[in-house]
Amino acid sequence: MRARPSHALLAIALAGIVVAACGQKANPKPPELVHPGVPSSLTAASTPDGVQLTWRRPLRYSGGDRMNDLDYFAVERAPDSGGPFTEVTQVPVTDRDRFRKQRRITWTDGSAQAGTHYYYRVSAVTLDDYRSKPAGPLGITFDPRASPKKVVEAPDVVETPQPPPVIDFEDEDEGGEPAYSPGLGAVPGAIVPAEPETEAEEVDSDDTLDAADGVPTDDPDELPAE
C-alpha cells in the first residue's frame, strides 16, 4: 500500500508554490507607452501682473492607460519660436490634485517685460521623470495695459495611443523565411490589446473631475453647472 504524504509535507509544498507565485512580477511597459499625454488648450493673456498661461492637464499616458503619477508641469520660454527654450518654472501637482484632478492649471510669468514678445511651451512630467511632448510654442507680446479678454491660444497636439511592440515570427523549418506578416492579428496566438477606456473630457463648468469620479465635494466652485 502506498504511503500517504503527511500534512506537514503538504503544507511545505503549498507554501513553496505560494512563494514562487508571489515572486513573479508583471513585465514593465515599454517607455513609449508611459509618457504622459500632452497638456491641451494652452492659452496666454497679458495681465497687469504678467503673462498668464492656462492649460488643461492630461489624464492618460501615451499608451492610453489612466495616469495617477503626474508630478509637475515644466514651463519654458524663448525669444523665438525655434528656441532656444529655457525652463522658467515648474508648476507642481499636489497629492490632492493627483486624485481630485483639477483640469485647468494657471500660472503667471511675473518676470515678463512690457513690449517684449515671448514664446511659451508646457510639458507634463511624471514622478518617474517621463516627460510629455510640449504644448506650444505659443507666442504673445506682453502688454500690461491690454484687455484681459485678449487671449492667444495654441493649437492642441493630438497624440494617438501607441500599440505594444509587434514580434515577427520565422519558420525555421522553411529556411528562415517569415511565416507570417508582421502586425497584430496576422500572427496566430497573438494577443490583441483591449481598446483603452474612454471617458468624458468635459466634466463641469469649472473643470474638475469630482462629479465624474464620484468624489464628494463641499466646494460650490467644483459642483457641476446647472
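Okay, before anything else, one definition: two strands count as paired if DSSP finds at least two bridges between them. Keep that in your head, because we'll lean on it for every pair of strands I mention, and pairing is decided by those bridges. Also, please remember that what you're looking at is a predicted model.

So, let's start with one sheet. It's open, it has four strands, and the order across it is β5-β2-β1-β8, with antiparallel pairing. Who stands at the edges? That would be β5, residues 104–109, and β8, residues 151–153. Each of those two has a single partner strand, so one side of each is left without a neighbour in the sheet. Going from one strand to the next, the twist averages 20°.

And if you're wondering what holds strands together in general: strands of a sheet pair through backbone hydrogen bonds, either parallel or antiparallel.

Now zoom in on β2, residues 50–56. With β5, this strand runs antiparallel, and six bridges join the two. You can pick out individual positions: Arg56 stands opposite Arg104 in β5, and Gln52 stands opposite Thr108, also in β5.

Then look at the neighbour β1, residues 40–47. Again we get six bridges to β2, again antiparallel. Here Ser40 has Arg56 as its bridge partner. So Arg56 turns up twice: opposite Arg104 in β5, and paired with Ser40 of β1. How many residues make the hairpin connection from β1 to β2? Two.

Is β2 mostly buried or not? Six of its seven residues are buried, so β2 is largely enclosed by the rest of the structure.

Right, next sheet. This one is also open with four strands, in the order β4-β3-β6-β7, and the pairing is antiparallel. At the edges we find β4, residues 86–92, and β7, each pairing on one side only. Neighbouring strands here are turned by 25° against each other on average, if you ignore direction. Inside this sheet, β3, which covers residues 70–78, is joined to β4 by six bridges, running antiparallel. One spot to find on your screen: Phe73 stands opposite Val91 in β4.

Last stop, a loop. Ser132 sits between β6, residues 117–126, and β7, residues 135–141. Buried or exposed? Ser132 is buried, with a relative accessible area of 6%, and the cut-off for buried is under 20%. Leaving out residues up to four places away in sequence, Ser132 touches Pro36, Gly37, Val38, Pro39, Ser123 and Ala124.

That's my tour, so go ahead and find Ser132 in its loop between β6 and β7.

Definitions and conventions. Residues are numbered from 1 along each chain as its sequence is written. This is a predicted model: local features need pLDDT of at least 70, side-chain atom pairs count only at pLDDT 80 or more; totals for chains, interfaces and linings use all residues. Side-chain values use heavy atoms; hydrogens and water are left out. Axes are lines fitted to C-alpha atoms, for helices over the stretch in contact, and angles run from 0 to 180 degrees between N-to-C directions. Buried means under 20% relative accessible area, exposed over 50%, partly exposed in between (1.4 Å probe, protein chains only). Contact means heavy atoms within 4.5 Å.
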